[in-house]
Amino acid sequence: MMQLIAGQLINGIIVGSLYGIIALAVSLTSGITGVVNFALGAFMLVGAYLTWHLNETYGVAFPFAVILVMGVVALIGLVADVLLFRHTRNNLINGLIVSIGLVSVIVALVHMTWTSTPQNMQPFVTGVFTVGGVVVPKMKLLMGVVLILIVSMTYLGLTRTWMGRAAYAYAQNPEAAALMGVATGRLQVGVAAFGAALCGLAGSMYATLYSLTPDIGALYMLKGVEGALLAGIGSVIGALFGGILIGVAEGLGSVFLPLAFNDAYGLLMLVLVLLFRPAGLFGRR
Amino acid sequence: MRVLLLVLCGAVALVPALTANNLVLSVLTFTFILGILAVSFNLIYGITGQLTLFHAAAFGVGAYATHLSMAHWSISFWLGSAFAMGCVAVVSLLLGIVCFRFRLKEFYFAVVTLAFAEMIRLVVMNWHGLTNGSLGINFNLKPSVGVPGVGALVIEGPVRWYYFSLACVVVIVLAYQLVVNSWIGNAFKAIRLNEDVAASLGLNAFRYKLLSFVLGSMGASFAGGLYSHYMGFVDPHLLDINQSLAILSMALIGGTGSVAAPVVGALVVTALPHLIDLNAEWRLLIYGLILILTILLMPQGIVGSLQRLRKHA
Amino acid sequence: MLEIDHVTKRFGGLVAVDDVVFRIAEREIVGIFGPNGSGKTTLMNVIAGVFSATRGEVRWKGRALGGLSTDEVAACGVVKTFQNPQLFRELTVAENVRVAGHLLLKSELGAARVRTIFPSAFRTEAARKIDARVAAVLEMTRLEAQARQLAGSLSYGGEKMLGVAMALMCAPSMLLLDEPGSGLSHDELDRLSEVLRRLRGQGMTLCVIDHRVGFLGALADRAIVLYHGSKIAEGTPSQVLSQRAVIEAYLGDAHVA
Amino acid sequence: MRKSLLNFLASAALSFGLASPVAAQDAIKIGQIEAQTGPSSSLGFMATQGAKLAVHQINQAGGVEVGGKKYPIDLDSPDTQGSPQQGLIQLKKMLEQDHRKYIFGPTLSNVFNGVREYARGYDGKLLMFAPATAAHPELGKPGYGFLLRPVLFDTAPEGFGTYMVEMLRSKGAKKVAILMQNDAFGRFAVDIYKDSFAKAGIEIQTHWFEASTKDYSAVLARIAAWKPDYLFPGYTDAALYDIVQQATQLGLTKFWLVRGSLGPAIRNKASIDEYIAYMPKYFEEAEKVDSKVAKFIKDYKDFFKVKDFPYDLAPLLFMASYDHVFMLAEAMKRAGSINDVAAIKKELLSMTYDGLWVQKFDPVGGGIHSYEIAEMRRGGALKMTLVKPASK
């Protein structure tokens, strides 16, 4: 039993870090563009399929594929922001609807390009670590490390660089930042692109672990939103932590309780947190 | 608005005379039933400004409760849906108290209601003993209405269903219209426009938000009962998240500004797949584009835009 | 009538209102003065139930208001206007005032409000009453001309006046006015002080905040001066203004400004 | 407002009139209601492809010759998106407006549940080839005369399920863990196999998962702790790929499944020990030995202009719908009518059709056909067993 729990703790942390990186994208974009962009899930979908496509069809080595994909998806995110979300700034609901529309457009395009046949990428790293009866696939471990690294780098970037500080300031207090002369427009577009890139990365990582179908985006988007709210919008490390909490809740949840209710365990925790800390665990509001 | 509404009903009342085409009838019947759903959603979202994603759950629970109570206690459709509305009222009351007491607003309210809806869906999925889980339940129970002189008239066949659902949607819309025109409606609007002012003027926002949420959810429950009896079966898909999004797009496409406008949205959403005969991917693409363009080009929805055109002309 | 009994309000470390004591009698116009950041607005928000006091309590006709929410306080008859006007900008001036008629309807009809849902002679009667009241309030605040205008399109002064009108619609027995004078043009000020006088004439109690003594000097029966959250003076405006502490406070303020 | 509404209604009525291709007056009108998009659409999608190909080939040859007259086939296959509501509306359109008597599908049990009550109203005027598992128990019941189930039922006396469970028993399996989608088919599969396993004296442990689940490691770890002999892992490839990969990482290496392709086994051939799967037909092999299959595959590529044939994708329904279009045409020839539903059904039930499969129906309209069982071992060694149900 202890092994089971320990195993799911580790697994939950790793799976959660995948939620966490999307949560970070959600947190940043909604903190700065004022729109909770459901299309981020679709960006992850595109990222996953692109990675698989590059790797299987053109034999691009996985690490290079990841970098390529992040670039492409960032571009998509940028275009989407300039064409659509610029017009729904700070109208949360309209932005939400537009992003939902964008999701079905992207999913349709994915259908047309890659059909609904489930795809499965050749794993980049195979095999497992076994420590005291606890089994962890090597690829999962690698993914966890990469994602946590990326989040920490984002944090440093946001706290050390000028652009980052501007973004951070803006997320805390838009008016003040505007007064400080932060170029709001460019900042928002930049963050939108960066958020998309994070989702592209999440997609690449996803592709090495799980099978691809055109409907994966919605689920991970939901987990991302849960994670972001759990942590509180605008908190970087918090977003990762929020995602991990959800992952662990699900992992341990389905050790003791039926797997059929898997999605409920994270939600339940979220609701409880929101009721007693409406601004989330790390939010200031 | 009410005049427009009557005109609309007048036009619609003639349809069975105009066409023997049962397909048009069934599309319109679905439109009316889903119209009730969209209208009740709009009371909460469009009028009172609270974005609930609990609506599909209210719809599904209503459908199940109506059927189960009818089947188990062999009561009439009306008693059944009354019971269902009672259940949904209680559930939404509790949920509403939790959300509004803790001052959850906008996106936070949306997500928490979504969370509860999802949990309820999972319960329905897994409570095999009561709901028969994901297999759903088939039944052949029909509503019936007492008509003076004729006696009990069983609702079956396209034409009867058409007029029955039409009558239902008209009654519901008028009922909501009465509420919205009253001081209660003023309170709802005030809360949507500026909750702080409303409070400073001695308006108990909590109470009125709760009222709106419960009234709307009860409408959804009634729509659920109708829907399941028109289809002759219930299954957990009624409670899907996507249902809530479909309801939202109905309201938006029709227009959130007035009580009845979402019915038009329901018509568009229901009829569209049968109007544009494209392969599935293209249809998905177009659906997405419609959502985007509606928001960007006519945020007041079809009805709102038409009204504006009339004003300017 | 209204008793401020050793009220203190802390935000974390900062003491915004420090152990303030005073009472306001019926039909009185009390002016609360003090430089910016002296805790006037905070005190008013404590009275109106926006914040609850950290220590001490506010009593209205002997009843403690502590723990009541804004709308409950308003329902007791103590209504507050906002420093920079908060309105339903999408509605016309008349509609704004009508919506504000909520409490009036409640107090006049009570449970019988339900009867107004369905068309009936009763409903038309109630509607007529409200309309009459709206007209009266608009007349009183000199807003008849702009009745059909969108609230968003009013001048700043107009907006403040509409704020007062909406408060009046609640038929309050005490009005809390937060800086009604600031940012008003000369004749707007005259109009305001005239309206306030007429209100007092109708037996309403007024508690008015202003950071400059300005037009209130002539109007107020009693002046209370706050400085850094605590009361430093109380008396008739002329007395108070001659006190040393007050002058220092204001000179200090002037230097800062 | 009124104008726009009337216009809309008019255009609606109009386009409903025109939506289906206006076919020649006397054509054989077939409708197909399948999900072509959505989570569980891969089965229905391939079913429509099969029918389209068959219809294309028949019309190429000038149509179906009945009583010395050649009739073209007019096929309408809209997309239900897996929604019972859409399915119902589409079926109404087919029956009431286009007067189609021959309906293929639905494959999804929830869609079948949505249309069954309505379809029963057309009993005697309609033939419905519904592969939905939920349709099977209704076969032969009063009011369901219109219903045929074109594919073999798992646990029918001749069914592959019965055979495969027996196979497990003979391999000495004592414990089988079931990890199943919590949806209509999943529930149905577990309900029917529970009994067969019980009969065979095999102990089972069942776990349910939401169709959207991707990470199974928690539940798989629990299953592994129970030490089952075989794992019965869901039924769609989307889930199979993930379950098989993650299961092998936890030391569960023996799989037994009644739906889904060999794809997951091939992907993980290095780490599985045994993978027993029901294969209606193993195309990769049949293509080499069976000229019919080779031609079918070639025609498919030409008609849909695709490079590779979707070997993985639910060959069952793909072929079923392809064969049954021809079978229906043959039955019409024999009955000498394209409208006499009763006569045509009689012919269908009495004939044996030699298509991609040897096809026939049992007396209540349940499909019977030959099938293969695939057994893959570590490294990818594959053993196919062809099973020909004894003809009654």
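Two residues are in contact if their C-beta atoms, placed from the backbone, lie within 7 Å. The views below show a predicted model.

**View 1. Two domains of chain C and the contact between them.** The domain assignment divides chain C into domain 1, residues 1–77 + 172–256, and domain 2, residues 90–171. Their C-alpha centres are 27 Å apart. Where they touch, domain 1 of chain C contributes 13 residues and domain 2 of chain C contributes 11 residues. On the domain 1 side, the elements giving two or more residues are helix H2 (70–76), strand E7 (174–178) and helix H7 (186–201) of chain C. H7(C) has the largest share of this side, with 4 residues. By class, the residues of the domain 1 side are 8 nonpolar, 2 polar and 3 charged.

**View 2. Chain D as a whole.** Chain D holds 13 helices and 17 strands. Its C-alpha trace spans about 65 × 55 × 45 Å along the principal axes. The radius of gyration of chain D is 22 Å, which agrees with the value near 21 Å for a compact globule of 392 residues. Of the 392 residues in chain D, 53% are buried. Among contacts in chain D with a separation of 6 or more, 66% are between residues 24 or more positions apart.

**View 3. Two domains of chain D and the contact between them.** In the domain assignment, domain 1 of chain D covers residues 2–153 + 286–370, and domain 2 of chain D covers residues 160–281 + 372–387. The centres of the two domains, taken over C-alpha atoms, are separated by 30 Å. The contact joins 15 residues of domain 1 of chain D to 13 residues of domain 2 of chain D. Helix H4 (109–120) and helix H12 (315–335) of chain D each give at least two residues to the domain 1 side. The largest share of that side is the 3 residues from H12(D). The domain 1 side has 9 nonpolar residues, 5 polar and 1 charged.

**View 4. The contact between chain A and chain D.** Chain A supplies 26 residues here and chain D supplies 30 residues. On the side of chain A, two or more residues come from each of helix H1 (2–33), strand E2 (134–137), helix H10 (236–256) and helix H11 (262–276) of chain A. H1(A) gives the most to this side, with 5 residues. The side of chain A that touches chain D is made up of 12 nonpolar, 12 polar and 2 charged residues.

**View 5. The contact between chain B and chain D.** This contact takes 35 residues from chain B and 34 residues from chain D. The elements of chain B that give two or more residues to its side are helix H1 (2–13), helix H3 (22–47), helix H6 (106–126), helix H13 (262–275) and helix H14 (280–297). H3(B) provides the largest share of the chain B side, 6 residues. The residues of that side divide into 19 nonpolar, 13 polar and 3 charged.

**View 6. Helix H11 of chain B, residues 205–231.** The end C-alpha atoms of this helix are 39 Å apart, which agrees with the 39 Å that its 27 residues should span at 1.5 Å a residue. H11(B) is mostly covered, with 24 of its 27 residues buried. After H11(B) comes Gly232(B), which has a positive phi, near 80°.

How values were computed
Residues numbered from 1 in each chain as written. Chains lettered and ligands numbered in written order. Predicted model: local features only at pLDDT ≥ 70, side-chain atom pairs only at ≥ 80, totals over all residues. Expected span 1.5 Å × (residues − 1). Buried ≥ 20, exposed ≤ 12 C-beta atoms within 10 Å, placed from the backbone. Rg over C-alpha atoms; globule rule 2.2 N^0.38 Å. Nonpolar A, V, L, I, M, F, W, Y, C, P; charged D, E, K, R; others polar. Domains from an automatic or database assignment.
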